[in-house]
Amino acid sequence: MQQPPADSVETFSGEEDERSVALVDPTEYDDRPGYQADFLGPEHRISVPRVTGDRADDAVQVLGGGVELRFWTYSTVMSRTRRIPVLSAGNFDRESKASLARPTAWLLDPRLDVDPAAGRALQVTDDWYKHQNSSGLGRGPFDRGHLTAFENAEWGDDPLRNGTDSFHFTNCAPQASSFNEHKVWRQIEVWAAQQGTSGRVSMFNGAVFDGPPSTPLDNDLFQLNPMNPGTLDPMLQGVAIPKQYFKIAAYVKDGKLAVQSFIATQEGYFAAIDELTEPDEVLSEVELTLYRVPIAYVRHLTSLDFGVLEDDAVTENEAVSEPQMIRELSDLV
């Protein structure tokens, strides 16, 4: 594997210590196994979803070959043009989960290019987030949103190591701060693990690039239109902000593979983007809208091939035929 120069390290100082970033030796990642296809058992093998069509050419080829960036409990695939992950695929074991203090430092991933500057340019980093986040340093409310969540990585024999590994910009995308506070969105993986018989779940998260606009409703919520034509995502200081995100949870139920698929929209935050002209202006708090959807809708919107999860034999796929709004976990029964 080609390596960047050993001295390619950068950190922010002063009040930016919480947002310190560093380039490290890519060989330090060689032992990370990444997402495990047979995590739910050899008879329920689920491969990393495959990027298809025109979007396949947009997936970043990483050092060492292929497009998969492997971490301790998950893997990601990066978009060259959007500089955020197309996909984050992870495994979660509820039975060995820990509850730890969250780290604060985010890391640049050194595996995108042999040239550190070129690799950095393929990631949306704190050069952008520190001007946008809702902590008072920027115009908000777009934060560094985990795709594979810290709470769903802090498990196993070394939960601190595993959870800390989720703090990479290659597992991060611009999300409204309420994503981290939206109980149902964050609890889906834990809920899915409770539905299964082993406490284990394989999960898939990512952005919908240039998806169809949703229809505003009277109560500040939005109605998805997943089969409508897509439109370009809005730009904010040089970064395109995904209108929607997807989450898929797969688990074993009564000896059979089951899957639940979801889309959340953050379009309620977009109306004011063009009006943010003063440094102290911020976008208003708007409720996220979360839907359970057929997995075929996610495939249509993302061009991701979910393989066996799309088979008719997989249970729960037929739970909904149209988007179903989810306000609380009891809506999933």
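# Notebook: a buried serine and the sheet around it

**Entry 1: S261.** I started with S261, which is buried at a relative accessible area of 2%. Buried means under 20% relative accessible area, exposed over 50%, and partly exposed in between, using a 1.4 Å probe and protein chains only. Before going on, I noted that this is a predicted model: local features need pLDDT of at least 70, side-chain atom pairs count only at pLDDT 80 or more, and totals for chains, interfaces and linings use all residues. Residues are numbered from 1 along each chain as its sequence is written, and side-chain values use heavy atoms, with hydrogens and water left out.

Where does S261 sit? I found S261 in strand β13, residues 256–265. Helices (H or I, at least four residues) and strands (E, at least two) are DSSP runs, numbered from the N terminus. Next I looked up its contacts, meaning heavy atoms within 4.5 Å. Skipping neighbours within four places in sequence, S261 touches K247, I248, Y291, R292, V293, P294, I295 and V298.

**Entry 2: the whole chain.** I stepped back for the totals. The protein chain has six helices and 16 strands. Of its 333 residues, 56% are buried. I also checked contacts with a separation of 6 or more: residues 24 or more positions apart account for 72% of them. The chain exposes about 14,000 Å², and carbon and sulfur atoms supply 47% of that. Those areas come from the Shrake-Rupley method with a 1.4 Å probe; for residues, only the protein chains shown count as cover.

**Entry 3: the sheet.** Then I traced the sheet that holds β13. It is an open sheet of eight strands, in the order β2-β3-β4-β7-β12-β13-β14-β16, with antiparallel pairing. Its edge strands are β2 (69–70) and β16 (324–325), each pairing on one side only. Two strands pair if DSSP finds at least two bridges between them. My textbook reminder: strands of a sheet pair through backbone hydrogen bonds, either parallel or antiparallel.

I went along the sheet pair by pair:

- β2 and β3 (residues 74–78) pair over two bridges, and L69 has T76 as its bridge partner.
- β4 and β7 pair over six bridges, with S88 matched to N205.
- β7 and β12 pair over seven bridges; S202 is matched to A250, and M203 stands opposite A249.
- β12 and β13 pair over 10 bridges, and here K247 stands opposite F262.

The hairpin of β12 and β13 has two residues between the strands, and D254 in it takes a positive phi near 55°.

Why call β7 largely enclosed by the rest of the structure? Because eight of its nine residues are buried. I can say the like for β12: nine of its 10 residues are buried, so β12 is largely enclosed too.

**Entry 4: helices on the sheet.** Helix α5 (residues 183–195) lies across β4 (85–93), β7 (200–208), β12 (244–253), β13 and β14 (289–292), running at about 15° to β12. Helix α6 (residues 295–302) packs on the sheet as well, touching β7, β12 and β13, and its direction makes about 55° with that of β13. For these angles, axes are lines fitted to C-alpha atoms, for helices over the stretch in contact, and the angles run from 0 to 180 degrees between N-to-C directions.

I picked E189 in α5 for a closer look. Buried or exposed? At 1% relative accessibility, E189 counts as buried. Leaving out neighbours within four places in sequence, E189 is in contact with F92, N152, V201, M203, N205 and K247. K247 is also on the contact list of S261.

**Entry 5: rings.** Last, I searched for aromatic pairs and got 10 in the whole structure. Rings of Phe, Tyr and Trp (its six-membered ring) pair if their centres lie within 6.5 Å; planes under 30 degrees apart count as stacked, over 60 as edge-to-face, and the rest as tilted. Y129 and F169 have ring centres 6.4 Å apart and planes at 10°, so this pair is stacked. Y129 lies in helix α2 (residues 126–129) and F169 in the loop between α3 (159–164) and β6 (172–176), so the pair ties together parts 40 residues apart in sequence. Both are buried. They belong to one aromatic cluster with W106, W128, F150 and F167.

I noted two charges over rings as well. That label needs NZ of Lys or CZ of Arg within 6 Å of the ring centre and within 35 degrees of the ring normal. The charged end of R111 sits over the ring of F71, 4.8 Å from its centre, while R200 lies over the face of F39, at 4.1 Å from the ring centre.
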